[in-house]
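Keep the sequence and the 3D view open while reading. The paragraphs below go through one helix, a set of charged side chains, two single residues and the confidence of the prediction.

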Amino acid sequence: MSAAAENPSAGATATRAATATAPLVEAPFAEAPLIEERVRARVITDDPLYRAIPVALRFVPDEPLAVRIVFPAGLSPEGTDNEWVFPRALLEAGLQAPTGTGDVRVWPCGRVQAVVEFHSPEGVAVVQFDIAALRRFLRRTYAPAPAATR
C-alpha cells in the first residue's frame, strides 16, 4: 500500500498515511489526551479461516470530526503502520445502516458485527469488528475531557 491516499468524494474524506514517531515537544499546558482503544478485528478473505489482527482505534480531540483506525506494520508492504482517517459520523452511521461512498465504507453485519471496507489504489481490505467495541470507543470520544492543568 502506498504511503498516502485521499478521496474527497461525496463529502466523506478518508486519508490513509504511514505513521512515524514524532519527537515529543513539551507544551506549556496539558493538551486533551488522545483516546485510544485496542481491539481485535478480522480480515475477511475468501479463505474459510479468518485472520484476527490487533487494531488501534484513535481519536484526537484537536480533530473532533475524525477518527483513526491504525493497522499494524506487519500488514503493510512498507513495514509501517497504516493509519486511516475518516469522519467519526461515518463510523457512527455505519453501525446502523450501510454508509460511505469514498475510500471507507461501513455497514452492520448482523446484530453484533460491523464491516469496514477500505479502498486504496492497491486494492480493497474488508475488516470485521465487534459493534460493542466500536460503540465503546465512540462513547469515549464524546466523554468530557478532563480539565487541563498548568
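This is a predicted model. A good place to begin is helix α2, whose buried residues are Ile131, Ala133, Leu134, Phe137, Leu138 and Thr141. Seen down the helix axis, these buried residues fall within an arc of 165°, so they line one face of α2. The face turned away from that buried side carries the exposed residues Ala132 and Arg139. What do the buried residues of α2 pack against? Their partners are the strands β3 (35–43), β4 (51–59), β5 (66–71), β8 (113–120) and β9 (123–130), together with helix α1 (88–94). The length of α2 can be checked as well. It has 12 residues, 131–142, which at 1.5 Å a residue should span 16 Å; the C-alpha atoms at its ends are 17 Å apart, so the model agrees with the expected value.

Two of the strands that α2 packs against, β3 and β4, also take part in the charged pairs described next. Side chains of opposite charge can pair when their charged atoms come close. The structure holds nine salt bridges. One of them joins Glu36 and Arg58, with 2.4 Å between the closest N and O atoms. This pair links distant parts of the chain, since Glu36 is in strand β3 and Arg58 is in strand β4, 22 residues apart. Glu36 has a relative accessibility of 24% and therefore counts as partly exposed. Arg58, at 18%, is buried, because the cut-off for a buried residue is under 20% relative accessible area.

Arg58 has a second acidic partner in Glu83, and their side chains meet in a salt bridge at 3.8 Å, N to O. Here too distant parts of the chain are linked: Glu83 belongs to strand β6 (residues 82–87) and Arg58 to strand β4, 25 residues apart. Both Glu83 and Arg58 are buried. A further salt bridge runs between Glu63 and Arg68, whose closest N and O atoms are 2.3 Å apart. Glu63 is partly exposed, with a relative accessible area of 36%, whereas Arg68 counts as buried at 14%. Which residues are joined into one network by salt bridges that share partners? They are Glu36, Arg38, Arg58, Glu63, Arg68 and Glu83.

Two single residues add further detail. Gln128 is found in strand β9, and its relative accessible area of 15% makes it buried. Not counting residues up to four places away in sequence, Gln128 touches Ala41, Arg42, Ile44, Cys109, Gln113, Ala114 and Val115. Leu90 lies in helix α1 and is buried, with a relative accessible area of 8%. Leaving aside neighbours within four places in sequence, Leu90 is in contact with Thr99, Gly100, Val104 and Val106. For Leu90 and Val106, which are 16 residues apart along the chain, the C-alpha atoms are separated by 7.3 Å.

Last comes the confidence of the prediction. The chain has a mean pLDDT of 80, and 74% of its residues reach 70 or more. Over residues 1–13 the pLDDT is below 50, although this stretch has 36 contacts in the model beyond near neighbours in sequence. Residues 15–30 also have a pLDDT below 50, with 29 contacts beyond near neighbours in sequence. Where pLDDT is low, the predicted coordinates should not be read in detail.

Definitions and conventions:
Residues are numbered from 1 along each chain as its sequence is written. Side-chain values use heavy atoms; hydrogens and water are left out. Helices (H or I, at least four residues) and strands (E, at least two) are DSSP runs, numbered from the N terminus. The expected span of a helix is 1.5 Å times one less than its number of residues. Buried means under 20% relative accessible area, exposed over 50%, partly exposed in between (1.4 Å probe, protein chains only). The arc is that of the directions from the helix axis to the C-beta atoms. Contact means heavy atoms within 4.5 Å. A salt bridge is a side-chain nitrogen of Lys or Arg within 4 Å of a carboxyl oxygen of Asp or Glu. pLDDT is the predictor's confidence in each residue, from 0 to 100.
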